[in-house]
Amino acid sequence: MEGKIPNHLSTSTILSHQLSPTDPDNPMNWPLYRRVYASAVSWAFAAFGLTSYTAGISEVATKFNLSTSVAILGMSLYLFGIHFAPIYTPHVAERVGRSIIYLTSLFLFALFTLGAGLSTNFGSLAVCRFFAGFFGGPCLVLIEGTFADIWSAETTNTYYSILGLASYMGAAVGPIVGGFVVAAKGWRWTQWVTLMITLVVFMFGVGIPETYGREIPRRRNRRRGLAPPNQPPAESGVTLAQMIKITVLNPIDMLLTEPVVILITLYLGFNFAVVFQWFITVPVVLESVYGFTGQQAGLAFIAAVVGSILAAITTILIEQVIYRRTPKDRRATLAIEYRLIPAMLGGIFITTSLFWVGWTAKPTIRWPSPVLGTMLYVWGSLSLAISFVAYLFDAYPPAGTLSALTIAATIRLLLAGVLPLVILQMFTNLTGAWALSTFGFISIALLPIPWVLFKWGPTLRARSKYSRRMMNPEKMSMEMPTAMVEDTSSATPLAGSEV
């Protein structure tokens, strides 16, 4: 494939460590056990339950005399709270580092989870759920940066697979545990169990080391009684006006003017909206069509766990095959468009699964068929998310990358919260088969996106004003060689990036 791309475009290249490659404080030089511990803590912090509340929706509706759609707000408001995390987290992380935010965020999340469990009316429950998401969201945003601090960028899709697995596994396990908890103790125990898990994770993570490449030298100088190190201005902005521009105004502009961002945001937004509607429709269908109990319906989400694991394995294997088949002297410069290959496969899985589930979830066909269909959807969904997020991270220079990731994250969280509020009406008015078929037809229209970006992505990125702003005019372009390569050397990522 041929095209013209800006030289040294990748964020991984531009955002180099403030630390020497031989500095023992550089996270990539830490002993393996310390790198694994920091990764495990960030993974655990991101994997706390997003969806255990869904197992108690029927009881919440009965307890507070609500319609089911209103009771679903308890889940949607949590997602709406997380929606703001990609906007404010990078600015806070730039000033205090990652480790403090992890611990503070999880502590505040625990307080509002406690408040949700103690709520005596739905208004207070809704407020607590929103702020649990608002303050807990940074844990989901920071995991990407933490992994990129610690592990080589040559295996970007691999560590994105691990961090994506955290959020998908956390979401999938919620209804499994919640189904048994609600049956035994009632809906409030969805919050108590979440709180107990959070406290265990907090104790496990108390010793999390700082990984952010700009914060490490600042802390080191403070310990030694030295002046702050001389560092370039933060890519996320220094003044309030700059910060608003980078994580509010520029993201909106990119959503309207940048083809790469428009296409990826549309596909990811659709993908996440459908993911979260499953947490409402799967229990409804299994209980109404197949006579499942709440516990049995919860166990059906084991299929989602399996799908998540298969997506991570598939993505890692694809990356490793490409990596091993690339000459050693070109591995570090493999073009980022190759990160889109799992999305190509994932899109096919998504489309297939929507029609599969829609037309097999009926009494004449046994329940394993639609359950396996949801597994295929999750497999495709996570494969798609891993590919697109990894691609966006290096699609633009640093400030552009942060803006692109911010709009992609906020839009998909917004849509993920909205669709569950109307999905039962869709199933009632259209029937489940045609509601899911509608999503299937939309997915067909979106299916070419990773293929289009693989072919024309370099050209689209080269023409972007967000690329040109950061480039030396004398190095504005270079011919894309046959092997399709560009400079993507390992480096420190943005202070906060993705969810």
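The accessible surface of the chain in this predicted model amounts to about 19,200 Å², and carbon and sulfur atoms contribute 69% of that area. Of the 499 residues in the chain, 60% are buried. The fold is built from 21 helices and 2 strands. Among contacts with a separation of 6 or more, 84% join residues that lie 24 or more positions apart.

Part of the surface is a nonpolar patch made of Leu240, Ile244, Val248, Leu249, Ile252 and Leu256, which together expose about 570 Å² of accessible area. One of these residues, Ile252, sits in helix 12, which covers residues 240–257. With a relative accessible area of 45%, Ile252 is partly exposed.

Turning to the interior, the largest nonpolar core contains 120 residues, and those with the most contacts inside it are Phe276, Leu354, Phe388, Leu392, Tyr396 and Phe439. Helix 13, spanning residues 259–290, supplies the largest share of this core, with 18 residues. For Phe439, the contacts beyond its neighbours within four places in sequence are Phe270, Val274, Leu354, Leu419, Ile423 and Met426.

Another view of how the chain folds back on itself comes from Leu413, a residue of helix 18 (residues 398–430). Leu413 counts as buried because its relative accessibility is 6%, under the 20% limit. Its C-alpha lies 9.1 Å from that of Gly81, although the two residues are 332 positions apart in sequence.

Cysteines can be treated briefly. The whole structure has 0 disulfides. Cys128 is buried at 14% relative accessibility, and Cys139 is buried at 0%.

Charged pairs give a richer picture, with 12 salt bridges in the structure. In one of them, Asp23 pairs with Arg220, and the closest N and O atoms are 2.8 Å apart. This bridge ties together distant parts of the chain, since Asp23 belongs to the loop between helix 1 (11–14) and helix 2 (32–46) while Arg220 belongs to helix 11 (residues 215–223), 197 residues apart. Asp23 is buried, with a relative accessible area of 13%, and Arg220 is likewise buried at 13%.

A further bridge connects Asp253 and Lys465, with 3.0 Å between the closest N and O atoms. Here too distant parts of the chain are linked: Asp253 is in helix 12 and Lys465 is in helix 21 (residues 465–468), 212 residues apart. Both ends are partly exposed, Asp253 at 24% relative accessibility and Lys465 at 29%. Elsewhere, salt bridges with shared partners join Glu94, Glu210, Arg214, Glu215, Arg218, Arg219 and Arg222 into one network. Within that network, Glu215 bridges to Arg222, the closest N and O atoms being 3.2 Å apart. Glu215 is buried at 2% relative accessible area, whereas Arg222 is exposed at 55%.

Finally, the backbone deserves a look. Most residues other than glycine have a negative phi. Asn65 nevertheless has a positive phi of about 55 degrees, in the loop between helix 3 (57–63) and helix 4 (68–71). Asn65 is exposed, with a relative accessible area of 72%. Thr431 also has a positive phi, near 80 degrees, and occupies the loop between helix 18 and helix 19 (432–446). With a relative accessible area of 40%, Thr431 is partly exposed.

Terms used. Residues numbered from 1 in each chain as written. Predicted model: local features only at pLDDT ≥ 70, side-chain atom pairs only at ≥ 80, totals over all residues. Heavy atoms only, no water. Core = buried A, V, L, I, M, F, W, Y, C linked by side-chain atoms within 4.5 Å. Buried < 20%, exposed > 50% of the residue type's maximum accessible area, 1.4 Å probe, protein only. Helix = DSSP H or I, 4+ residues; strand = E, 2+ residues; numbered from the N terminus. Contact = heavy atoms within 4.5 Å. Areas by Shrake-Rupley, 256 points an atom, 1.4 Å probe, with all protein chains shown as cover. Patch = residues over 30% accessible without salt bridge, like charges linked within 9 Å, V, L, I, M, F, W, Y side chains within 5 Å. Salt bridge = Lys/Arg side-chain N within 4 Å of Asp/Glu carboxyl O. Disulfide = S-S within 2.5 Å.
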